[in-house]
Amino acid sequence: MILEVKEITKKFGGIQALTDVSFRVNQGEVFGLIGPNGAGKTTMFNIITSMFPPTTGEVVFIKKRLTGKKPYQITKEGVCRTFQNIRLFPDMTVLENVTVGQHCRTSSGVWSGVLKLKSQRMEEESIKRKARDLLRLVGLEELEDSFADNLAYGQQRRLEIARALASDPKLLLLDEPAAGMNEKETNDLFELIQKIKKLNMTILLIEHDMPLVMKVCDRMAVLNFGKKIAQGTPEEIRNNPAVIEAYLGREEEDELA
Amino acid sequence: MLAELINPYYLQVLSFILINIILGISIYITLSTGQLSLGHAGFMGIGAYTSAIVTINYDLPLIVGILLGAIVAGLTGILIGLPTLRLQGVYLAIATLGFGEVVRVLFINWEGMTQGAVGISSIPHIGRELVTGLRDTGFTADMIGIRSNQLISVLVFLILLVVTILLISFFVRQHRSRVGRAFAAIKMDESAAEAMGINITYYKVLAFAQGALVAGFAGALYAHITAYISPSDFSYHRAVEILIFAVFGGSEVIAGPIFGAIFLTSMPELLRDVSEYRYMIYGVILVAMMAFRPQGLIDYNMIHKLKRLRKKKDQKTIDEKESKRHDIGS
């Protein structure tokens, strides 16, 4: 077990965004977090990465409590995320975006950077090399000098994944990576996730594209109105009546009967 | 011959341009993490007063006074930076504006130390001190055939030029390093930067303190070049003037505020004939900038295009050489 989410509740004023949600993610698996719009999935991501604190409950990552830490410390612990609404650094080049991702794994300060000490130059070399490797992994190596802002939508999503991978995470959080993608792009993304999984990475995935989720996830949890209504393998989820109800609504015959 | 070429007046204008470039750099550093500060006149004043007071009252050497002025301003920057970190944009601007006014009022009212609104005069002058020092070693202005006041202006100008070049190369290098990338990331998207593992508190305070330090440094140099300072030198107008270097020239790349400082300091000199209208011209320029080019004259895109152009040119010369070699070969 790599991540344990324990009885998380989150209230925004009078709105209860999450109620007592718990789940565990095992090392090396792709775990899906699904549910209709507004079910609280992104809120859960924001709590795991400490963008804001939970009202009650805690998040534990490899025996360390994440709750109460700052977002940058959580990245250093080995949890990195992408955003639902892409948040790249728009005026940086593709390569620079990925180099920023390596910030917490590198250490040059003001003086070594200004004096260009040997250690700093070697670190810069290795940062660039690693950034290029990651761009090759996500298939953007040709575009390293373009501004992130000028990339196509699907490319921006891939770049966000590369940037997150640059921080050497043990757990990668992907927030709707297939949103807005066409079928071909979604297929490419599927292959990319498979490749990332082979790098001994654990992935927690929020996604609406059901065929993709069913194909790529080992296990998943389903949220509806801030509550966990089901958990299991794709097969189990597919046949779970509560999930079908949450997504499709109750069948009319039931109501009539 | 040399004596006719050196005009102390022009050299003084050039010296002020250099000081303004340093001030432009100071606002650029703070802006490079997206923090809008109107307190730089305050930091400049702290540097100027600190250096003036310690060199007059405690007879410290000029260089110690100037460094001390910069350090005190930098420390104040940390003190101001920490609590105002949560503020952004216009709110931070107002808070720092308030800070600047507090500093100015302090200069006016702390008469025992600052001589109040009258200001401090007969501050040791960098050029004159140097010339005196040189005379002790046996070197005088006559030996190279110029007058003493010409030598003073030349020395001041050269010292400022070296200092400015060192500062620019410092911050250009910093910009290209891990720290510079962290600054840029914070400026473009603070939450994303933090999610990528950047300690934004640390880097924002660092940028704020660096900006304050450099502004204090410029202030200390200013004090020892004009030999007279008063609280009105560091008023709100100065803060806006510093900010305008970056607004006009552009704050995205360091070349922006440098260009802004050069242009806006030399313009009044070039426009002597229409000097009555020069503030109107300033105003028109600013309104036009906000309407047509809010990011300033020099921006990322421009630098990027220039780089690409140079790359292409290099490629072209390589190609030409290749083809020539080919011709010779065949």
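pLDDT is the predictor's confidence in each residue, from 0 to 100. This is a predicted model: local features need pLDDT of at least 70, side-chain atom pairs count only at pLDDT 80 or more, and totals for chains, interfaces and linings use all residues. Residues are numbered from 1 along each chain as its sequence is written, and chains are lettered from A and ligands numbered from 1 in the order in which they are written.

**Exercise 1. Describe chain B as a whole.**

Step 1. Take the confidence. Chain B has a mean pLDDT of 88, and 95% of its residues reach 70 or more. For the complex, the predictor gives an ipTM of 0.90 and a pTM of 0.89.

Step 2. Count the elements. Helices (H or I, at least four residues) and strands (E, at least two) are DSSP runs, numbered from the N terminus. Chain B has 15 helices and zero strands.

Step 3. Give the extent. The C-alpha trace of chain B spans about 80 × 60 × 40 Å along its principal axes.

Step 4. Look at burial. A residue is buried if 20 or more other C-beta atoms lie within 10 Å of its own, exposed if 12 or fewer, and partly exposed in between; C-beta atoms are placed from the backbone. Of the 330 residues in chain B, 44% are buried.

**Exercise 2. Follow Thr265(B) to its contacts.**

Step 1. Locate the residue. Thr265(B) sits in helix α13 (residues 255–270) of chain B.

Step 2. Test burial. Thr265(B) has 21 other C-beta atoms within 10 Å, so Thr265(B) is buried.

Step 3. List contacts. Two residues are in contact if their C-beta atoms, placed from the backbone, lie within 7 Å. Not counting residues up to four places away in sequence, Thr265(B) touches Phe16(B), Ile17(B) and Asn20(B).

Step 4. Compare sequence with space. Thr265(B) and Phe16(B) are 249 residues apart along the chain, and 7.6 Å separates their C-alpha atoms.

**Exercise 3. Work out how α9(B) is placed, and what chain B brings to the contact with chain A.**

Step 1. Check the cover. Helix α9 (residues 178–188) of chain B has ten of its eleven residues buried. Among them are Val179(B), Phe183(B) and Ile186(B).

Step 2. Find the partners. The buried residues of α9(B) pack against α3 (94–101) and α4 (110–115) of chain A, and against α8 (148–175), α10 (190–195) and α11 (200–226) of chain B.

Step 3. Size the contact. It takes 21 residues from chain B and 29 residues from chain A. On the side of chain B that touches chain A, the largest share, seven residues, comes from α9(B).

**Exercise 4. Check the length and the two sides of α5(A).**

Step 1. Compare spans. The expected span of a helix is 1.5 Å times one less than its number of residues. Helix α5 (residues 118–138) of chain A has 21 residues and should span 30 Å; its end C-alpha atoms are 31 Å apart, which agrees.

Step 2. Pick the buried side. The buried residues of α5(A) are Gln120(A), Glu123(A), Ile127(A), Ala131(A), Leu134(A), Leu135(A) and Val138(A). They cover an arc (that of the directions from the helix axis to the C-beta atoms) of only 105°, so they lie on the same side of α5(A).

Step 3. Turn to the other side. There, Lys118(A), Met122(A), Glu125(A) and Arg129(A) are exposed.

Step 4. Go past the end. Just after α5(A), Gly139(A) takes a positive phi of about 80°.
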